[in-house]
Amino acid sequence: MKYDIPTAYSCKHLVNPRRSPLIPGILAVAFLLLTLVPVASIAQGISLVQNGQSDYQIVLPHEPDTQEIHAAKVLQDYLFRISGALLPLTHDNLPSTEKEILIGRTNRPETKSIDFKALKDEGLLIRTEAQKLLLAGGPKKGVLSAVYHFLEEELGCKKYTSQVSQLPSMKTIQLGSLDKVIIPVFTFRDVYYQDVYDPEFMDWHGLHSFGGKGSSPTEWGYWVHTFHNLLDPAEYGESNPEYFSFYDGHRHAGLIPSWDGSSVQPESQLCLSNPEVLEIVCENLAKAIEKKPEARYWSVSQNDNVRYCQCEHCAALDKKICSL
Ligand SMILES: [Zn+2]
């Protein structure tokens, strides 16, 4: 038996706009769906504060760490200053309620879906789920970064210097749907400018200090200009002047006053073509690392002067591989 395909179901019929009354209808439905997206997004958002009042509470883990406590207090303080609403701080051993801001590693089901390992040390997460706002992060101030990022990016707060901030005044705080994860590309971020070492400025902008300023201990073993730490003129200068720079016809293995006269500094550099120098530097670096295992960064770098070694071997190397 032979069956004819009804013309009304043929592909040709469906794709020909001139012949099909369906196309304008499909386009109209698509347009309607597109216009509904923002509406749906707003519908999933939350009203944190309305007319200076809030039904929300800030929820901490039952046994919070210091970063979580600090983050919760910062958030509470800024929300109050922005809106006049003072949100209570509570712990997650109390029953869950519909309207909560979850700080860090709470026991709430919404928090359990966070992959904390993926956030690394300082990554941050800002997310809304139903009527809850989640602020979380890695163990090294990640949760604090989440709060400051939320204040700046979602509420419009600014911190320009240690003394100059700008906060909006909002009696009503409405949030859209949020789902943000940020993991810093650089693990160490230091501006090296005195004003930034204000502890809150550093936390706000996620900064570190090589010298341990701010509220975090330094992760540096040696900062820059470290040759003299690794091979000290005071220890080797007299016995082994050949370890130090040769120029102006002789080795320079001494110490000279610093620029302000408050201390002494090496008068030159190390003789880098001397294999014993490399051996001693490596040995002393290993000893220093052993003494300070918590340090993450170790700088092996030239002393703070330009008096490099111009001995026969160093000069030959310079000529061969350097531009100077
Ligand atoms: Zn040399």
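Begin by selecting Y192, which in this predicted model is exposed, because 10 other C-beta atoms lie within 10 Å of its own and a residue with 12 or fewer counts as exposed. Widen the selection to the surrounding segment, and Y192 turns out to sit in the loop between β10 (179–182) and α6 (199–205). Its backbone deserves a look as well, since Y192 has a positive phi of about 60 degrees although it is not a glycine. As background, most residues other than glycine have a negative phi.

Next, select A130, which lies in the loop between β5 (124–129) and β6 (132–137). Here too phi is positive in a residue other than glycine, with a value near 55 degrees for A130. Is A130 buried or exposed? A130 counts as exposed, because it has 9 C-beta neighbours inside 10 Å.

Now move to a pair of helices, selecting α3 (residues 66–83) together with α5 (residues 142–154), whose axes come within 8 Å and cross at roughly 15 degrees. An angle under 35 degrees counts as roughly parallel, so α3 is roughly parallel to α5. The crossing of these two helices, α3 and α5, is right-handed.

Finally, show the side chains where the two helices meet: from α3, select Q67, E68, H70, A71, V74, L75 and Y78, and from α5 the residues they meet, V143, L144, V147 and L151. Colouring the residues of this contact between α3 and α5 by character will divide them into eight nonpolar, two polar and one charged.

Definitions and conventions
Residues numbered from 1 in each chain as written. Predicted model: local features only at pLDDT ≥ 70, side-chain atom pairs only at ≥ 80, totals over all residues. Axes fitted to C-alpha atoms, helices over the stretch in contact; angles between N-to-C directions. Helix = DSSP H or I, 4+ residues; strand = E, 2+ residues; numbered from the N terminus. Parallel < 35°, antiparallel > 145°, perpendicular 65-115°, else oblique. Left-handed = near helix turned anticlockwise from the far one by under 90°. Contact = placed C-beta atoms within 7 Å. Nonpolar A, V, L, I, M, F, W, Y, C, P; charged D, E, K, R; others polar. Buried ≥ 20, exposed ≤ 12 C-beta atoms within 10 Å, placed from the backbone.
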